[in-house]
Amino acid sequence: MNKPLRRIAIFCGLLVLALLVRDNWLQYLQADKLRTDPNNRRVLIARYAKPRGDIIVDGNPITGSKKTSTNSLNDFAYKRTYKDGAMWAPVTGYASQAFGATQLESIEDGILTGDDDRLFFRNTLNMLTGKQQSGGNVVTTLNAAAQKAAYDGLKNVGGKGAAVALDPQTGAILALASYPSYDPSSFAGNSTSVDSKAWTQLQKKNDPSDPMLNRALRETYPPGSTFKVVTAAAALENGLYSGADQNTDSPLPYILPNTRTELKNEGNIPCKNATMRVALQFSCNTVFGKIGADLGKDKMLEEAKKFGFDSEQYTPVRSNASNFPKDMDKPQTALSSIGQFETAATPLQMAMVASAVANDGKLMKPYMVDKLQTPGLDVITQTQPQEMSRPLSEKNAQILQSMMETVVKDGTGKNAQISGATVGGKTGTAQHGLNNSEKPYAWFLSFAKLGDGSSPVAVAVVVEDDNANRDDISGGGLAAPIAKNVMEAVINSKK
């Protein structure tokens, strides 16, 4: 071969080599990136070419898949449907052909679409037999009756709010409701005239109702007097007081440390030198503010963190971190210890507080997915309950249970009483806005105990009612009846 031909041959060989390198780089190194590229329409077509697996509650699907009419404007064969979509939206999230997916629909997308590697064997078998590939199921821990009681209760109040119910012994989420809500079915497709219009309506800026906000997990509120349960736990755990009926040496009036500012109570209530039981029963700011100042910010922060404050929770849907301030002086520590200043909590967090008390001091990690299933209902993974922390000893938890039971029997939480069960609770009317200018939030956290000593449910409810008269807003009046109905729903479902 002469020299010019040899050069051409080498050059052509290099071109072929470069083509092979490029081809392998695209097929192997860039495969995942190209597969997940939002502009790769083939991926979306494949995603919606088959029915999606379902999200299951109490053995029944709360989701579905609907066959669509494919044409030049729509090449997606199926779209998502939802049963009671607004009630379940805080659990499911949405799966939309046009706007993607959130929450369980997003987190467990691989199982629901059937593309998860754990379904490889079944997908291979379906390919060999010619059977259509389908998605697996996500089986939740939710209790349908409890969810309905929570959602209907919030809806009937007519304001905004959220409710969370937990199984104290396992951490399983039994209810997760937020109101106002939205129906994910309304924008599950990709029609400009229908789905885009519904989506745009939900995206309105400065809409105070904000229906797509998951208030149970993503909104933090001042917890008000419900935080006094955490402060009482800190007092017991640090040996400041040894029991519920020991006098607290609390003056009346109580002046915040290093100031001339009086910390006031709501009304003429017996708070001078009150026991912790009486102080929780009547919700004495002076007693629990003094406890927080006496313990100091470090001990209060340590106890709050044991309950889960200052950490995001994954259920597996992410919940915002609740906040107990780190940098405070003594007056601020006193205010934070009664749920004011910069203390803020999600409804999930306050349900965790009630749950830990009810479970004799053991806080279980909250979760809402019980198991993942193949399309043939074989179990892929099963969630095992996990202990998260021990905010209280068993002895101190039982002391605090007794105090909370007094609140419901003889105090501000009487509206949560349930025939045949012992209920413990704590009301809260949380101030917010500059100089308390806004209407307060109504809180109630609680647990129910059965005759055998078991505690099947703990609940936290928060209500924002902008339409109510300010004097009518109270945790016992607005939130406690909702908590009662949720607890009753769980108890009745176990009969």
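The paragraphs below lead through selected features of this predicted model, from a surface patch to a disulfide, a buried phenylalanine and a helix.

The account begins with helix H1, which spans residues 3-29 and contains Ile10. Ile10 has a relative accessibility of 52% and, because exposed means over 50%, it counts as exposed. Together with Leu14, Leu17 and Val21, Ile10 makes a nonpolar surface patch of about 390 Å². Cys12 has a relative accessibility of 39% and therefore counts as partly exposed.

Attention now turns to two other cysteines. A disulfide is a covalent bond between the sulfur atoms of two cysteines. The structure holds one such link, and it is formed by Cys271 and Cys284, whose sulfur atoms are 2.1 Å apart. The pair connects distant parts of the chain, with the two positions 13 residues apart in numbering. Cys271 belongs to the loop between strand S11 (262-263) and helix H12 (276-282), whereas Cys284 belongs to the loop between H12 and helix H13 (285-295). The angle about the S-S bond is -85°, and the link of Cys271 and Cys284 is left-handed. Both ends of the bond are covered: Cys271 is buried, with a relative accessible area of 0%, and Cys284 counts as buried at 0% relative accessibility.

Another buried position is Phe227, located in the loop between helix H10 (215-218) and helix H11 (228-237). Its relative accessibility is 0%, so Phe227 counts as buried. Which residues does Phe227 contact, leaving aside its neighbours within four places in sequence? They are Met300, Ala304, Phe309, Phe324, Ser336, Ser337, Gly339, Thr343 and Met350. The fold also brings Phe227 to a C-alpha to C-alpha distance of 9.1 Å from Ala345, although the two are 118 residues apart in sequence.

The final element is helix H18, made of 19 residues, 475-493. From its first C-alpha to its last, H18 reaches 26 Å, which is close to the 27 Å expected at 1.5 Å a residue. The buried residues of H18 include Gly475, Gly476, Leu478, Ile482, Val486, Met487, Val490 and Ile491. Several alanines are also among them, namely Ala479, Ala480, Ala483 and Ala489. What do the buried residues of H18 pack against? Their partners include one helix, H8 (144-157). The strands against which they pack are S8 (160-166), S9 (173-179), S18 (422-430), S19 (441-449) and S20 (457-464).

Key. Residues are numbered from 1 along each chain as its sequence is written. This is a predicted model: local features need pLDDT of at least 70, side-chain atom pairs count only at pLDDT 80 or more; totals for chains, interfaces and linings use all residues. Side-chain values use heavy atoms; hydrogens and water are left out. Patches are made of residues with over 30% relative accessible area and no salt bridge: like charges are joined within 9 Å, nonpolar side chains (Val, Leu, Ile, Met, Phe, Trp, Tyr) within 5 Å. Accessible areas come from the Shrake-Rupley method with a 1.4 Å probe; for residues, only the protein chains shown count as cover. A salt bridge is a side-chain nitrogen of Lys or Arg within 4 Å of a carboxyl oxygen of Asp or Glu. Helices (H or I, at least four residues) and strands (E, at least two) are DSSP runs, numbered from the N terminus. Buried means under 20% relative accessible area, exposed over 50%, partly exposed in between (1.4 Å probe, protein chains only). A disulfide is a pair of cysteine sulfur atoms within 2.5 Å. Contact means heavy atoms within 4.5 Å. The expected span of a helix is 1.5 Å times one less than its number of residues.
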